[in-house]
Amino acid sequence: MKKIAILGSTGSIGTQALAVLRGHRDEYEVVALAAGRNVELLAAQAAEFGVSDEWARTCADSPSILAELAAHPDADVVLNAVVGFAGLPATLAALEHGKRLALANKESLIAGGPVVAAVRARGNGEIVPVDSEHSALYQALRSGAAFEVKRLVLTASGGPFRGYGRDQLAFVTIADALRHPTWHMGAKITVDSSTLMNKGLEVIEAHELFGVGFDQVEVVVHPQSIVHSMVEFVDGATIAQLSMPDMRLPIGLALGAPDRLPEAFGAIDWSQVSRLDFEPPDLEAFPCLALAYEAGRAGGGAPAMLSGANEVAVAAFLDGRISWSAIASVVAETLDAGTGNVLDLADVLEADRAARARASKAVERRSEAA
């Protein structure tokens, strides 16, 4: 019996995780739940899965609660599905206590990469990715040794604006950005997908998870979202993971890895798949991807500042204060002001604070000029 703590239980990933677990009550027990502000749904989840009030809590304004729940003494697996930088305390707490971390909160790994790595080594914790792309890489990497890997290929759907030029992108709306062609996700990650920042963050995440250089991580646009990512080996062989878009597959694998659940999510009817297309991303129209590569290569505090500035810019866009195109310019302006080094948690927090302050000022200037 594996015991599971689910942080972000009322969001997209959290609710899908509970849907997976409903069919496997003999193998998994939910021992902790955390939500943002959706008290009613959290209470219903706790009642259904038998989680006490002590371990089913809201934590929108208290990251320390997330850390407390992630350190649950009985939890074997902690699913971190919290949105944004707020998930960092939970990531660190789970790894510090030697848990398996089923990680859907990419921002905490990106912003605090060196710190997370140190805590993981010290606490002997394990990270299994939940993102469909990194889950695909996790699976494909089983096919060879680390020294045999030539490159990792992350696939991107291209989002709702695939094929758009810069002139067209100047007029897209919030509703347009939230209309993802293949995935149903929260607002922040959906906007990140539309700018390709999500893919840029995933490049940095792949570097941190699998220990490969940035020159070994490539992004290709694949609109069907059936090939979730690929690994190319030194002998020319490429191993890919394919399935229909269904987040329950990588969630189930992260909870049970290395074992697979005996339940098919995203199985493909090959008689209905007529083509698989691939094309390079348009870095001129979607500069966020290039910004992420630059921040990753710079290292130090740059990834934390990239993530923090992007959170501020996306929130401003969703509030109607800046245009979609301004998201990338706010992030670029923030990074241009300089980044520091990251040696410990205090440095990560300072990099995030500085990025948010700079990005907020950049947003204000654009709002006033509009």
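## A walk through the model, starting from one salt bridge

Let's begin with a pair of side chains: K188 and E107 form a salt bridge, and their closest N and O atoms sit 2.8 Å apart. K188 belongs to helix 10 (residues 187–195) and E107 to helix 5 (residues 106–111), so this contact ties together parts that are 81 residues apart in sequence. Are these two residues buried or exposed? Both K188 and E107 turn out to be buried. Keep in mind as you look around that this is a predicted model.

A quick word on what such a contact is about: side chains of opposite charge can pair when their charged atoms come close. How many salt bridges does a search of the whole structure find? The answer is 25. Some of them join up, too: K150, R151, E218 and E232 are linked in a network of salt bridges.

Now let's turn to the sheet. Strands of a sheet pair through backbone hydrogen bonds, either parallel or antiparallel. Here you'll find an open sheet of six strands, with parallel pairing and the order 3-2-1-4-5-6. At its edges are strand 3 (56–58) and strand 6 (126–129), each of which pairs on one side only. Going from one strand to the next, the twist averages 20°.

Let's zoom in on one pairing within that sheet. Strand 1 (residues 2–7) and strand 2 (residues 28–35) run parallel, and six bridges join them. If you want to trace one of these on the screen, start at K2, whose bridge partner in strand 2 is Y28.

These two strands also share a side-chain contact. E29 makes a salt bridge with K3, with 4.0 Å between the closest N and O atoms. Since E29 lies in strand 2 and K3 in strand 1, the pair ties together parts that are 26 residues apart in sequence. E29 has a relative accessible area of 35%, so it is partly exposed. K3 is partly exposed as well, at 26% relative accessibility.

Another salt bridge takes you to the stretch just before strand 2. R25 pairs with E48, and their closest N and O atoms are 3.4 Å apart. R25 is in the loop between helix 1 (12–22) and strand 2, while E48 is in helix 2 (residues 39–49), so the contact ties together parts that are 23 residues apart in sequence. As for accessibility, E48 comes out at 34%, which counts as partly exposed. R25 is partly exposed too, with a value of 40%.

What about empty space inside? The count comes to one cavity of 30 Å³ or more. The largest cavity holds about 50 Å³ of space. Its lining includes S132, Q139, W183, H228 and P250. Which elements give two or more residues to that lining? They are helix 7 (132–140) and helix 12 (248–256). Sorted by class, the lining has five nonpolar, five polar and one charged residues; among the lining residues is D246.

One last stop is R297, which you'll find in helix 13 (residues 287–298). With a relative accessible area of 49%, R297 is partly exposed. Look across from there to G213: the two residues are 84 residues apart along the chain, and their C-alpha atoms are separated by 8.7 Å.

How values were computed. Residues numbered from 1 in each chain as written. Predicted model: local features only at pLDDT ≥ 70, side-chain atom pairs only at ≥ 80, totals over all residues. Heavy atoms only, no water. Pairing = 2+ DSSP bridges. Helix = DSSP H or I, 4+ residues; strand = E, 2+ residues; numbered from the N terminus. Axes fitted to C-alpha atoms, helices over the stretch in contact; angles between N-to-C directions. 1 Å grid on protein atoms, 1.4 Å probe; cavity = no way out; pocket = protein on both sides within 12 Å on 5 of 7 lines; lining within 4 Å. Points joined across faces, edges and corners; volume = space filled by probe spheres on them. Nonpolar A, V, L, I, M, F, W, Y, C, P; charged D, E, K, R; others polar. Buried < 20%, exposed > 50% of the residue type's maximum accessible area, 1.4 Å probe, protein only.
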